[in-house]
Number of protein chains: 2
Amino acid sequence: MLTPTPRLRSVAGFGLRLKRALVRDISKPRSPSLPPHLLTTDPEDILGDPDIQLVVEVMGGETPAAAYIRRAVSQGKHVVTANKEVMAKHGPELISLAADKKVNLLFEAAVGGGIPIIGPLTKDLLANEISSIHAIINGTTNYILTRMAGEGISFSEALKEAQELGYAEADPTNDVEGIDAAYKLAVLASMAFHTRVHADDVYREGISRLEAKDFLYARELGYAIKLLAIGRGGGDSVQLRVHPTLVPQDHMLAKVDGVFNAVEVEGDLIGRVLFHGRGAGREPTSSAVLGDVVEVARRIRSGSEPAPTLELEASRTVLPMSGLTSKYYLRLNVADTPGVLAQIAGIFGDLNISIASVLQKDVDPATQTAEIVVTTHPASEEAMQRSLALIEGLGAVRRINNMVRIEDWPVT
Amino acid sequence: MLTPTPRLRSVAGFGLRLKRALVRDISKPRSPSLPPHLLTTDPEDILGDPDIQLVVEVMGGETPAAAYIRRAVSQGKHVVTANKEVMAKHGPELISLAADKKVNLLFEAAVGGGIPIIGPLTKDLLANEISSIHAIINGTTNYILTRMAGEGISFSEALKEAQELGYAEADPTNDVEGIDAAYKLAVLASMAFHTRVHADDVYREGISRLEAKDFLYARELGYAIKLLAIGRGGGDSVQLRVHPTLVPQDHMLAKVDGVFNAVEVEGDLIGRVLFHGRGAGREPTSSAVLGDVVEVARRIRSGSEPAPTLELEASRTVLPMSGLTSKYYLRLNVADTPGVLAQIAGIFGDLNISIASVLQKDVDPATQTAEIVVTTHPASEEAMQRSLALIEGLGAVRRINNMVRIEDWPVT
């Protein structure tokens, strides 16, 4: 991937020379293969070599990558990284270190694979005050959700399929629990809202509670279900969350299927703009990494300083989830007896939650149970959580199967 | 729009001062209003003022804008323009002049309104060899087509509606004949394929021949109808065309509705990436223009040279339409008598055109006519044009109502 090609030479303005590659195991076969003298297992061969101007970090994970990047930047080396975890946990510190050292630290590949999104946020869209981000930025979960919606299969079946296809790892926790998406949202939000966001600032729910019937009911109500990463900025605060979300079927994000990613950005001038493409994989990641490499090379050639770094303001307040206002989708298993709905409606009414629709499903004469699907008008998350606790205590309620937030922003 | 705002000051790194605005009529009320001493009707007050570092051109049209831009660049002024016609007709010359004069000539607003597309093509996606562009880059026609598809209304009804809403001009020729889209495609193709494309290199067909029933039949066949701007680059040639196109319903471009624009770019690394947003209007255009202004301001501040200009190679060969291979949709009015289809199939067979599907529609016992809708497998445009001439000569064929090309590229 980093072998200098004629195309790279042409767009960079000069040939790039690969001096060293840090690997764990020199004897492992690689494609494309590299001459053995370029390989090393000692990071000092790179970080301590004053001849090396640019370090590309694609090892992933926080440790030791964060320390390597910090060291490289401190030594005055430009860095191009694909590391979302490092940027989500140490981004603001590293960005400001790079500005001090007058080197470039570029990380387009950290979010959305090869989809240009960091570039547009930090350059093309700079004149905008960004108010929101809605993103599908984990291909593994989007593949799983697409299969559950399309084939009516269970979460575990879809996960198994994704693992067999190489879309999901043996331990899928990072993807299915939304950890990977939260890292990426932290990076996006830092750039979009010009503030210091840490991975821990992002509220997070995974997709494993979803069942095939949730997709059926959602469709009946006019929605798709996606794992959305949502960031909103307003005044001095930001709201950051990753969770399964009901998305209106006619919205472009509802149409993002399989392993594709998409990021929708809303700004005061641009309105809504959406970026869609392959969010992972060897080639798309190469596209983003090499795009950054070319940018650094061009700056080195023209003797120009690094692009001005965004001033990341001291953290805006991260709003707690309890302060959220949202619509909700609720699926409950209840005794099929008169009056259950009245009890539930009573609890909602007391807490100022207004019901938008009720569907009664799967009446089972044998167990005398039924499934009720309720959607609400915008309500406070705090009230919704309190109502769930009360509803769970009702004698006629067997089980709260699922609660999914609805994001119902207008299409225009 | 160009009043320096705190936001612009913050992202540019310093305050921008608006020195002069060239207008046709000083007495005309403006919003936001400008102090009268900033207004002038004499271009020399701007082009001849050595204090002015940056000229923003948003007047539109080829004359006198092209001359003004040329003059400004020659005087060593940076230029930001939203002018697709100038860039489609004089872009390569002006870009190379700007490189000689070491000034920036930026034109993000010329294509796709505020959607970042020139930026990604010339920066983020540079490591890619771009093979194709598929774009919906005229909001007026996309609005008209969306209304025809959704409401079953005629072209003239939809056009009238678009005019009433201010989406179409009193003389809609530039939009409905694809001239505006051809300008934008010429600019996109120059940047994507690193070559000199002129507006006249683009083959062009407008949308006025489409009828409501074409949308019905297309939907039955699994397609939407869009005015696509298509560019393909391969080897030493390019193929450039703007025409109504049948697009598979499950493709993202089929889902771009109303006045929205979208550009899909395919590269060897990135695969397909799509940019979607508002392609016109005051605010989106401001987003792009001001993004470019900020970029110039940052470069001035950091004392850095203009970004390296793309080397636009001497023109690649523009392939003639006769060399195109495409699938086709054909709607014919024929006598409702046995043997007509056999005659048509015979002509196709002789010319090596293979039929994919046939629908018989609207049999009218009174006039003894029927409508036949034929789609083909990939065939040569030259053969298709010859077959149309022969089919038109058949006694049983009353009228060839429409021929629309089908673009059936895979979704993945």
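## Helix 6 of chain B

Let us start at a turn in the backbone: B:G152, which comes just after helix 6 of chain B, has a positive phi of about 65°. This is a predicted model, and every value below is computed from it.

Helix 6 of chain B runs over residues 139–151. Its 13 residues should span 18 Å at 1.5 Å a residue, and the end C-alpha atoms are indeed 18 Å apart, so expectation and model agree. The helix is mostly covered, with eleven of its 13 residues buried. Those buried residues are B:G139, B:T140, B:T141, B:N142, B:Y143, B:I144, B:L145, B:T146, B:R147, B:M148 and B:A149. What lies over them? The cover includes three strands of chain B, namely strand 6 (130–136), strand 8 (223–234) and strand 10 (260–267). Helix 7 (155–164), helix 8 (173–176) and helix 10 (212–220) of chain B are also part of that cover.

## How the two chains are related

Chain A can be laid on chain B by a rotation of 180° with 0.0 Å of shift along the axis, giving an RMSD of 0.0 Å. That is the relation of a two-fold axis.

The contact between the chains involves 45 residues of chain A and 45 residues of chain B. On the side of chain A that touches chain B, the elements that give two or more residues are helix 1 (6–12), helix 5 (118–122), strand 11 (271–278) and helix 11 (282–302) of chain A. Helix 11 of chain A gives the most, with ten residues. By type, the residues of this side of chain A divide into 18 nonpolar, 14 polar and 13 charged. Of the interface residues of chain A, 100% are also interface residues in chain B, so the copies meet through the same surface.

## Strand pairing across the interface

Strand 11 of chain A pairs with strand 11 (residues 271–278) of chain B. The two are antiparallel and linked over three bridges. If you want a spot to look at in the viewer, A:L274 stands opposite B:H276 in strand 11 of chain B.

## Helix 11 of chain B

Helix 11 of chain B covers residues 282–302, which makes 21 residues. From its first C-alpha to its last it reaches 30 Å, close to the 30 Å expected at 1.5 Å a residue. Of those 21 residues, 15 are buried, so helix 11 of chain B is largely enclosed by the rest of the structure. Right behind the helix comes B:G303, whose phi is positive, near 65°.

## The nonpolar core

The largest nonpolar core has 242 residues. Which of them have the most contacts inside it? They are A:L185, A:L188, B:L185 and B:L188.

Take B:L188 as an example. Leaving aside neighbours within four places in sequence, B:L188 is in contact with B:V111, B:I117, B:I133, B:A135, B:G231 and B:V263. As general background, nonpolar side chains tend to be buried together in soluble globular proteins.

## A three-stranded sheet in chain A

In chain A, three strands form an open sheet in the order 3-4-5, and the pairing is parallel. Strand 3 (54–57) and strand 5 (105–106) of chain A stand at the edges with a single partner strand each, so one side of each is left without a neighbour in the sheet. Strand 4 (residues 78–81) of chain A is joined to strand 5 of chain A by two bridges. Here A:V79 stands opposite A:L105 in strand 5 of chain A.

## Backbone details in the loops

Two peptide bonds before proline deserve a look. The one from A:S31 to A:P32 is cis, with omega near -5°, and A:P32 is found in the loop between strand 1 (21–22) and strand 2 (39–40) of chain A. In chain B, a cis peptide bond joins B:T63 and B:P64, with omega about 5°. B:P64 lies in the loop between strand 3 (54–57) and helix 3 (65–74) of chain B.

Positive phi values also turn up in lysine. A:K102 has a phi near 55° without being a glycine, and its place is the loop between helix 4 (84–101) and strand 5 of chain A. Is A:K102 buried or exposed? With 10 C-beta neighbours inside 10 Å, A:K102 counts as exposed. In chain B, B:K102 has a positive phi of about 55° and sits in the loop between helix 4 (84–100) and strand 5 (105–106) of chain B. B:K102 has 10 C-beta neighbours inside 10 Å and so counts as exposed.

Key
Residues are numbered from 1 along each chain as its sequence is written. Chains are lettered from A and ligands numbered from 1 in the order in which they are written. This is a predicted model: local features need pLDDT of at least 70, side-chain atom pairs count only at pLDDT 80 or more; totals for chains, interfaces and linings use all residues. Copies are superposed by least squares on the C-alpha atoms of residues with pLDDT of at least 70 in both. Two residues are in contact if their C-beta atoms, placed from the backbone, lie within 7 Å. Helices (H or I, at least four residues) and strands (E, at least two) are DSSP runs, numbered from the N terminus. Ala, Val, Leu, Ile, Met, Phe, Trp, Tyr, Cys and Pro count as nonpolar, Asp, Glu, Lys and Arg as charged, and the others, Gly among them, as polar. Two strands pair if DSSP finds at least two bridges between them. A nonpolar core is a set of buried Ala, Val, Leu, Ile, Met, Phe, Trp, Tyr and Cys residues joined through C-beta atoms within 7 Å. A residue is buried if 20 or more other C-beta atoms lie within 10 Å of its own, exposed if 12 or fewer, and partly exposed in between; C-beta atoms are placed from the backbone. The expected span of a helix is 1.5 Å times one less than its number of residues.
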